[in-house]
Every structure is written in structure tokens, then in C-alpha cells.
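Please open the structure in a viewer and keep the sequence panel visible beside it. The tour below proposes a series of selections and explains what may be found at each.

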Amino acid sequence: MESVYDLRLLLEPEALSRTVQHGTDLTPAAKALRRADEAADRADRSLANRDFHRALYAGCGNPLLVSTLDALRDQTALISAAAWVRVPTWESEAEEHRQILQAAQSDSAPEAAALLRNHMSCFVDRVKDSGGLEA
């Protein structure tokens, strides 16, 4: 988990910053947030979470960066689903997502990147504080 998030923390905020700088339409991110709010179970919520994050970095202008983050997100989906079983923090994470999206839609790339970095760091801390992912 730590290795996956270490890479995401290095790459994803930069990709989001570039997405904002390119003026990418973030409507898919907003739609993913709505889907997460309406999700019937953890699996649906995890897929919406994945789509939300992808919408934030997909417009960064670097296909290799996008594919690298996609691979990391595939691993993260398993981590998130397992973590939500132990510590159901998706509601607070949804609020963090809304703040990230608002900053990105306001063309504040540095703020959006900082909020995203904090969001991911806090998730890792919450999982560690809960005793990790071991059953």
C-alpha cells in the first residue's frame, strides 16, 4: 500500500495541476462524485472513486503519465475497498473530493494539487491508524 500511494503522491497532484492548466472539462469528475454518492455498495463506490480520480488526471496531456496512474489506480481500488470495510471513511473522502473538484474548476491548480495530496495522505494515515489492511 505504501509503495502504491508513494507513487500516486508523486504523480497524481502534478497530473491534476496539468489538467487544470490545460482547461480540461471536469464534468466527468462531477458525474463520478454523484455516482459515488448514490452507490449501492462498496464496489460501486470504489468504481466511482476510480473514475473521479481518473477524470482529474486524464487531461494532463501526457499519455504515459495517464497509463501509469491508471495502473496505480487499479491497485488502489483494492486497497480502498478493503480499507472501507474496516474504517468507512468514504463520506469524509467525498467531501474532500468536492473540495478538490471545486478548486480545480476554479482554475486553482496549486490549491487543487495540494488538496489532492492531503486527501491521499490522510487516507493512508487513516488506514495505518486503523491497524492497516491485515485481517
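The tour begins with the whole chain, then visits helices, the core and single residues.

**The whole protein**

Begin by displaying everything as a cartoon, bearing in mind that this is a predicted model. The protein has six helices and zero strands, and its order along the sequence reads α-α-α-α-α-α. Next, colour the chain by burial: of the 135 residues in the protein, 44% are buried. If a surface is switched on, about 6900 Å² is exposed, and carbon and sulfur atoms supply 51% of that area. Contacts also reach across the sequence: among those between residues at least 6 apart, 77% join residues at least 24 apart.

**Helix α2**

Select residues 27-38, which form helix α2. How far apart are the end C-alpha atoms of this helix? They are 17 Å apart, which agrees with the 16 Å that 12 residues should span at 1.5 Å a residue. Now show the side chains of Ala29, Ala30, Ala32, Leu33 and Ala36, which are buried in α2. Turn the view to look down the axis of α2: the buried residues fall within an arc of 160 degrees, so they line one face of the helix. An α-helix has 3.6 residues a turn, so residues three or four places apart point the same way. To see what covers the buried residues of α2, add α3 (42-57) and α5 (90-105), which are included in that cover.

**Helix α5**

Keep α5 in view. Its 16 residues should span 22 Å at 1.5 Å a residue, and its end C-alpha atoms are 22 Å apart, which agrees. Colour the buried residues of α5, namely Glu93, Ala94, Glu96, His97, Ile100, Leu101, Ala103 and Ala104. Then pick Glu95, which is also found in α5. Is Glu95 buried, partly exposed or exposed? Glu95 counts as partly exposed, because its relative accessibility is 37%, and the limits for that class are 20% and 50%. Draw a distance from the C-alpha atom of Glu95 to that of Leu33: the two residues are 62 apart along the chain, and the separation is 9.6 Å.

**The loop after α5**

Move along the chain to Asp107, in the loop between α5 and α6 (109-129). What is notable about the phi of Asp107? Phi is near 60 degrees, a positive value in a residue other than glycine. Most residues other than glycine have a negative phi. Asp107 is exposed, because its relative accessible area is 59%, above the 50% limit. Add Ser17 to the selection: its C-alpha atom lies 9.2 Å from that of Asp107, although the two are 90 residues apart in sequence.

**The nonpolar core**

Return to the interior and select Leu16, Phe52, Leu56 and Leu101. In the largest nonpolar core, which has 31 residues, these four touch the most other members. Each of α1 (2-21), α2, α3, α4, α5 and α6 supplies at least two residues of this core. Which helix gives the most to this core? That helix is α6, with seven residues. For a closer view, centre on Leu56: beyond residues up to four places away in sequence, Leu56 touches Ala15, Leu16, Thr19, Leu26, Ala29 and Ile100.

**Two buried residues with polar side chains in contact**

Select His53, whose place is in helix α3. His53 is buried, as its relative accessible area is 1%. Its side chain makes a polar contact of 3.2 Å with the side chain of Arg8. Setting aside residues up to four places away in sequence, His53 touches Arg8, Glu12, Arg73, His97, Leu116 and His119.

Finally, select Thr76 in helix α4 (residues 63-86). Is Thr76 buried or exposed? It counts as buried, with 0% relative accessibility. The side chain of Thr76 reaches the backbone oxygen of Leu72 at 2.8 Å. Apart from neighbours within four places in sequence, Thr76 is in contact with Val4, Tyr5 and Arg8. Leave Arg8 displayed to end the tour: Arg8 is touched by His53 and is also in contact with Thr76.

Key:
Residues are numbered from 1 along each chain as its sequence is written. This is a predicted model: local features need pLDDT of at least 70, side-chain atom pairs count only at pLDDT 80 or more; totals for chains, interfaces and linings use all residues. Side-chain values use heavy atoms; hydrogens and water are left out. Helices (H or I, at least four residues) and strands (E, at least two) are DSSP runs, numbered from the N terminus. The expected span of a helix is 1.5 Å times one less than its number of residues. Buried means under 20% relative accessible area, exposed over 50%, partly exposed in between (1.4 Å probe, protein chains only). The arc is that of the directions from the helix axis to the C-beta atoms. Contact means heavy atoms within 4.5 Å. Accessible areas come from the Shrake-Rupley method with a 1.4 Å probe; for residues, only the protein chains shown count as cover. A polar contact is a pair of N or O atoms within 3.5 Å; within protein, one must be able to donate a hydrogen and the other to accept it, and residues adjacent in sequence count only if both atoms are side-chain atoms. A nonpolar core is a set of buried Ala, Val, Leu, Ile, Met, Phe, Trp, Tyr and Cys residues joined through side-chain atoms within 4.5 Å.
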